[in-house]
Amino acid sequence: MSRLVFVLNGPNLNLLGKRQPEIYGRETLADVEAECRKVAKDLGLDIRFHQSNREYEIIDWIHEAREIAGGIVINPAAFTHTSVAVLDALNTFDHPVIEVHISNVHKREAFRHHSYVSLRADAVIAGCGTQGYLLGIQRVARLIDQGARK
Ligand code: DHK
């Protein structure tokens, strides 16, 4: 199976480190990308790391991943709670999908308790801060090594 993993980030995560640091921490998305690359390298994985505020771009990257990737780690951010389109796109992907939330969404407002993406995700990581991305990559590596499909 492909050892390429897409790490996808939804809206407002470009402001990571600056927006509501009491919730999302002070690390920037560039810091997270650098850590993801380090962990991925140690696990023998390549990563493509993307962020967008536009739903269609997230969907297009999932379609691209369909052709070439062995796994997806996704923090859909607010699209988690709203996007049937992101769920539908993930349902076209045949390999492991790990959903990551920096904050513990279940400790927050009720509208954050529901996730469309969880209907497809093989695992959900919430409340581990940005370490959640690294845990997600480790999990994808394990599933790729086991030859997991949907
Ligand atoms: C990030 C967001 O932007 C929110 O819309 C989600 C998620 C939670 C996070 O914890 O990473 O509700």
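This is a short talk on the fold of one protein and on a handful of its residues.

Thanks, everyone. One caution first. The model is predicted. Keep that in mind throughout.

Let me start with the whole chain. The protein has five helices and five strands. What order do the elements run in, from the N terminus on? The order is β-α-α-β-α-β-α-β-β-α. So the protein starts on a strand and ends on a helix, because that is how the string of elements reads.

Now overall size. The protein has 150 residues, and a compact globule of that length would have a radius of gyration near 15 Å. The protein comes in at 14 Å, which agrees. For the box, take the C-alpha trace along its principal axes: about 40 × 30 × 25 Å.

Next, packing. Of the 150 residues, 49% are buried. Then look at contacts with a sequence separation of 6 or more. In the protein, 77% of these are between residues 24 or more positions apart.

The surface, quickly. About 7300 Å² is exposed, and carbon and sulfur atoms supply 48% of that. Charges: 18 positive side chains and 18 negative ones. The centres of those two sets lie 3 Å apart.

On to single residues. I will begin with Ser83.

Ser83 sits in the loop between strand S3, residues 71–75, and helix H4, residues 84–90. Is Ser83 buried or exposed? Buried: the relative accessibility is 1%, and the cut-off for buried is under 20%. What does the side chain of Ser83 reach? It makes a polar contact with the side chain of Glu55, at 2.4 Å. The Ser83 side chain also reaches the backbone nitrogen of Ala85, at 3.4 Å. Leave out residues up to four places away in sequence, and Ser83 touches Glu55 and Tyr116. Glu55 therefore turns up twice for Ser83, because it is in the list of touching residues and it is the side-chain polar partner.

Stay in that loop for a moment. Ala77 also lies between S3 and H4. Ala77 has a positive phi of about 50°, although it is not a glycine. Why point that out? Most residues other than glycine have a negative phi. Ala77 counts as buried, at 14% relative accessibility.

There is another case of this kind. Asn12 has a positive phi of about 75° and is not a glycine. Asn12 is found in the loop between strand S1, residues 4–9, and H1. Asn12 is partly exposed, with a relative accessible area of 36%.

Next, a cluster around Ser103. Ser103 is in the loop between strand S4, residues 97–101, and strand S5, residues 123–126. Ser103 is buried, at 8% relative accessible area. Which side chain does Ser103 pair with? Arg108: a polar contact of 2.9 Å joins the two side chains. Beyond four places in sequence, Ser103 touches Ile23, Tyr24, Arg108, Ala126 and Gly127.

Take two of those partners in turn. Ile23 lies in helix H1. Ile23 is partly exposed, at 29% relative accessibility. Its own contacts, on the same sequence filter, are Ile102, Ser103 and Arg108. So Ser103 and Arg108 join each other through a polar contact, and Ile23 touches both. For a long span, go from Ile23 to Ala141: 118 residues apart along the chain, with the C-alpha atoms separated by 28 Å.

The other partner is Gly127. Gly127 is in the loop between S5 and helix H5, residues 131–145. Gly127 is partly exposed, with a relative accessible area of 42%. Gly127 touches His101, Ile102, Ser103 and Asn104, again leaving out residues up to four places away. How far is Gly127 from Lys18? They are 109 residues apart in sequence and 18 Å apart in space, C-alpha to C-alpha.

Last stop, Thr28. Thr28 lies in the loop between helix H1, residues 21–24, and helix H2, residues 29–42. Thr28 is partly exposed, at 32% relative accessibility. Aside from neighbours within four places, Thr28 contacts Leu16 and Gly17. Thr28 and Ile98 are 70 residues apart along the chain, and their C-alpha atoms are separated by 21 Å.

That is the tour. Happy to take questions.

Definitions and conventions. Residues are numbered from 1 along each chain as its sequence is written. This is a predicted model: local features need pLDDT of at least 70, side-chain atom pairs count only at pLDDT 80 or more; totals for chains, interfaces and linings use all residues. Side-chain values use heavy atoms; hydrogens and water are left out. Helices (H or I, at least four residues) and strands (E, at least two) are DSSP runs, numbered from the N terminus. The radius of gyration is taken over C-alpha atoms; the globule rule is 2.2 Å times the number of residues to the power 0.38. Buried means under 20% relative accessible area, exposed over 50%, partly exposed in between (1.4 Å probe, protein chains only). Contact means heavy atoms within 4.5 Å. Accessible areas come from the Shrake-Rupley method with a 1.4 Å probe; for residues, only the protein chains shown count as cover. Lys and Arg count as positive and Asp and Glu as negative; His and the chain ends are not counted. The place of a charge is taken as NZ of Lys, CZ of Arg, CG of Asp or CD of Glu. A polar contact is a pair of N or O atoms within 3.5 Å; within protein, one must be able to donate a hydrogen and the other to accept it, and residues adjacent in sequence count only if both atoms are side-chain atoms.
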